[in-house]
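Trainee: Hey, can you walk me through this one? I'm new to it and don't know where to start.

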Amino acid sequence: MIQSSLIHLNEPLVLPGNPLVKTVSRTKVPRNLNMEKLQNGYLFPEIGRRQVEHMNKCPDANLINLGIGDTTQPIPHVIATAMAEHCMALGTPKGYRGYGAEQGNKELREEIAQTIYGGLDIKGTEVFVSDGAQCDIARVQLLFGSNTTIALQDPTFPGYLDSSVIMGRSGSFDERRGEYAKIEYMRCTPDNMFFPDLSSVPRTDVIFICSPNNPTGHAASRDQLSRLVDFARSNGSIIVYDSAYAAFISDDSPRSIYEIPGAKEVAIEISSFSKFAGFTGVRLGWTVVPEELRYSNGSPVLKDFDRIICTSFNGASSIAQTGGLACLSSEGSKAIRGVIKFYMENAKIMVETFKSLGFEVFGGDNSPYVWVNFPGRRSWDVFNEILEKTNIITIPGVGFGPGGEGFIRVSSLGHREDVLEASSRLRNLLE
């Protein structure tokens, strides 16, 4: 008789969402200890959980979500039509296509290189098309060993930190400080123009930078990025640069790290169609790995990333990639600019709302996010008060790192009528 590899628990266990007491079994496989280091739930699902909890308590509430940065405006017709036609063609013998190249459609890779990085000498072969920036953040982590040291902005998008913890690059979590050991938190505040003071940052192997930054909305200046590239070059570090919101930049701030001389020798850039094209549900992004970027032994990083992509990914949807090409066409680009203008008008409404109430407000000019300071208050307390008294979802700043304590993030990616109604409710609560 074959002996079971399952260890049967004698003690009863109440399963989540099930009031019945059941006995469960477990294997002999140990849990990844790095997963146990993660604190609570990932920020955005936690916001969703609290939203559901609030609606269960107040089922008749007219909830307005200015929290998670999901887009709301329809995908421009020219882009949706291109995807629809490609989809219909798949139902014909002539138009059917199966697997494509894991690295992405050659035409789209070259179009991204020419349209997004025109004049920066980025080749189509250096562009890897994907199903979105967040997925690529995790794939890029596979390039580095567990002993790799990490630095990241504080506050910043939590995906960089959580994926680093999962990969085993952190120590234990310090509840008092709100930080993981072995992770270098580069504090970004109004005092340093939301960009780290590199003179006080120790060397790390990898530096995560997001510009325009999520959540602060700050777009790094040319001078700031030049100092960053010089810092990475002198320390032999690699920058992982997230430019997912670059299309929202309205001034002369760089839209790509590769606008800075020498960046191709030290930087990977990750970006996405999600926000500027409304592809949050379609899923399409890209990562640039320049040929010049090398490991300490001289081997090209591009070669390893190509292997990771071919091992872990079957390529982005051909339908989504057709949409990507339409986005980069002259007609598609014009339509997208109109959508971006709409969202930035929303941002202006929210910035003016909070400023008129006497709050210190950042962002909202080069980014769809508005970063509001509530001095002396805890972010979750502000989040709860606004939710309970106005039925508006925001994001507590501390969810983006300890440097976000005392702030909330407000998204402008909503419907105009919701933004106007939210403005009215906030004025009634806070004035």
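Mentor: Sure, let's start with a bit of vocabulary. When I sort residues by class, Ala, Val, Leu, Ile, Met, Phe, Trp, Tyr, Cys and Pro count as nonpolar, Asp, Glu, Lys and Arg as charged, and the others, Gly among them, as polar. Also keep in mind that this is a predicted model.

Trainee: Got it. How many cavities of 30 Å³ or more are there?

Mentor: The count comes to 1. The largest cavity holds about 30 Å³ of space.

Trainee: Which residues line the largest cavity?

Mentor: Its lining is made of Gln153, Phe194, Phe195, Ile209, Cys210, Ser211, Asn213, His218 and Ala220. By class, that lining has 5 nonpolar and 4 polar residues, with no charged ones.

Trainee: I see Ser211 in that list. What kind of peptide bond joins Ser211 and Pro212?

Mentor: A cis one, with omega about -5 degrees. Pro212 sits in the loop between β11 (206–210) and α7 (222–235).

Trainee: And what about the bond from Asp154 to Pro155?

Mentor: That peptide bond is cis too, and its omega is near 10 degrees. You'll find Pro155 in the loop between β7 (150–154) and α6 (158–166).

Trainee: While we're on backbone stuff, what is phi of Lys182 near?

Mentor: Phi there is near 75 degrees, a positive value in a residue other than glycine. Lys182 is in the loop between β9 (179–180) and β10 (183–187).

Trainee: OK, switching to pockets. How much space lies in the second largest pocket?

Mentor: About 520 Å³. It is lined by 27 residues, and Ile116, Ala246, Ala247, Arg255 and Phe276 lie nearest its centre.

Trainee: Which element gives the most to that lining?

Mentor: That's α10, with 6 residues. β13 (267–272), α9 (318–328) and α10 (330–356) each supply at least two residues.

Trainee: And how does the lining of the second largest pocket split by class?

Mentor: There are 15 nonpolar, 7 polar and 5 charged residues in it.

Trainee: You mentioned α9. At what angle do α3 and α9 pack?

Mentor: Helix α3 (residues 77–89) packs with α9 at about 145 degrees, and their axes are 8 Å apart. The crossing is right-handed.

Trainee: Which residues make the contact?

Mentor: From α3 you have Val78, Ile79, Ala82, Met83, His86 and Cys87. On the α9 side there are Ser318, Ile319, Ala320, Thr322, Gly323, Ala326 and Cys327. Sorted by class, the contact of α3 with α9 has 9 nonpolar and 4 polar residues, and no charged ones.

Trainee: Last thing: what does UniProt list for residues 62–422?

Mentor: The unreviewed entry there gives "domain: Aminotransferase class I/classII large" for that span. In this model residues 62–422 are 34% helix and 16% strand, and the end C-alpha atoms of the span lie 11 Å apart.

Technical notes. Residues are numbered from 1 along each chain as its sequence is written. This is a predicted model: local features need pLDDT of at least 70, side-chain atom pairs count only at pLDDT 80 or more; totals for chains, interfaces and linings use all residues. Side-chain values use heavy atoms; hydrogens and water are left out. On a 1 Å grid over the protein atoms alone, a cavity is a set of points where a 1.4 Å probe fits but cannot get out, and a pocket is an open set with protein on both sides within 12 Å along at least five of seven lines; lining residues have an atom within 4 Å of a point. Grid points are joined across faces, edges and corners, and a volume is the space filled by probe spheres set on the points. Helices (H or I, at least four residues) and strands (E, at least two) are DSSP runs, numbered from the N terminus. Axes are lines fitted to C-alpha atoms, for helices over the stretch in contact, and angles run from 0 to 180 degrees between N-to-C directions. A crossing is left-handed if the near helix is turned anticlockwise from the far one by less than a right angle, and right-handed if clockwise. Contact means heavy atoms within 4.5 Å. UniProt positions are given in the numbering used here, feature names are shortened, and annotations may be inferred rather than shown by experiment.
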